[in-house]
Amino acid sequence: MTTFNDLFKSSFLEKVSSFSALDMVIAMALALALGLFIFLVYKKTFSGVMYSQSFGVSLVGMTLVTTLIILAITSNVVLSLGMVGALSIVRFRTAIKEPIDIVFLFWAISAGIVLGAGLIPLAVFGSVFVGLILLALVNKKSRENPYILALACEDEKAEQEAAALAASSVRRCVTKSKTVSASGVELTLEVRLEAASVDFVNRLAQVPGVRSAVLVSYNGEYMS
C-alpha cells in the first residue's frame, strides 16, 4: 500500500539534475557580464528627462537573481513548485516612466532565464543582437527629430513675418496651436530642422514685433 510519505520518496520528486560548482560559477559570471552589458546599453540609449542610476543597477541585479532562481528551479522539482507559488505573490508597484524601460526589464529577465536554463550561446548571441539593435534605433540622431517653436508676437503682422521666416528656415513647419489675446499673439509650431544649426531662432527674435522665440526639443510622446 502506497502511503503519503511514499509519494515524496518517489523517483520523480527525488530526481535532481546535478550541476557542478563550476557550472554555477560560469552561469553567474555570465549573468553579471550580460547584466553589465544591458546596463551599459541602457545608459547609452537613455533619452528621458532624468537618468536613474538605481534602475540601471537593478537591471544587473535582476539578471543575476533571475539566473539564480532558474538554476534552483531546474535542479529540483519540489523546489520548482515552491518557487512558482512564492513568485506568484510578488507584485511590482514601481511606475515605468519610459516605455523603453519595459524592454530592458524583459531583456534582463529573459537573459537570466536563458542563462539559468543552460542555453549560454543563445543568451550571449541574443543579448548582443538586441543590444546592437537598440543602439542603432534608439540612438539614431537625424533631422527627423521634432522641435517645438514658441513665438510671442505683438500683432498679426509680426506673426506672419515670423511664421514665414520659420517656414523658410526649416524643412517642415506645422502649426500646433495659436492663442490671440489683448497682449498679442502666441504661436506654437512643430518644426523639423534642415540641419543641426538653430541659428534661425536668433533671426526670428530680431523680427520687429516678436517679443520672444523659444525652441524646445521633444520626442513626440508627451505633446501632440
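Helices here are DSSP runs of H or I with at least four residues, numbered from the N terminus. Keep in mind that this is a predicted model.

Q: Which helix gives the most to the nonpolar patch?
A: That's helix 7, with five residues. Helix 7 (120-138) and helix 3 (21-45) each supply at least two. The patch covers about 530 Å², and its members include Leu22, Ile26 and Ile120.

Q: Why is Leu22 called exposed?
A: Leu22, which sits in helix 3, has a relative accessible area of 57%. Exposed means over 50%, so Leu22 earns the word.

Q: What makes Asp155 count as partly exposed?
A: Its relative accessibility is 39%. Buried means under 20%, exposed means over 50%, and partly exposed is in between, so that's where Asp155 lands. You'll find Asp155 in the loop between strand 1 (146-153) and helix 8 (156-169). Together with Glu154, Glu156 and Glu161, Asp155 forms a negative surface patch.

Q: Why is Cys153 called buried?
A: Cys153 has a relative accessible area of 1%. The cut-off for buried is under 20%, so Cys153 is buried.

Q: Why does Cys173 get the label partly exposed?
A: For Cys173 the relative accessible area is 30%. Partly exposed is the range between buried, under 20%, and exposed, over 50%, so the label fits Cys173.

Q: How many disulfides does a search of the whole structure find?
A: Zero. To count, a pair of cysteine sulfur atoms has to be within 2.5 Å, and the search of the whole structure comes up with zero disulfides.

How values were computed. Residues are numbered from 1 along each chain as its sequence is written. This is a predicted model: local features need pLDDT of at least 70, side-chain atom pairs count only at pLDDT 80 or more; totals for chains, interfaces and linings use all residues. Side-chain values use heavy atoms; hydrogens and water are left out. Patches are made of residues with over 30% relative accessible area and no salt bridge: like charges are joined within 9 Å, nonpolar side chains (Val, Leu, Ile, Met, Phe, Trp, Tyr) within 5 Å. Accessible areas come from the Shrake-Rupley method with a 1.4 Å probe; for residues, only the protein chains shown count as cover. A salt bridge is a side-chain nitrogen of Lys or Arg within 4 Å of a carboxyl oxygen of Asp or Glu. Lys and Arg count as positive and Asp and Glu as negative; His and the chain ends are not counted. The place of a charge is taken as NZ of Lys, CZ of Arg, CG of Asp or CD of Glu. Buried means under 20% relative accessible area, exposed over 50%, partly exposed in between (1.4 Å probe, protein chains only).
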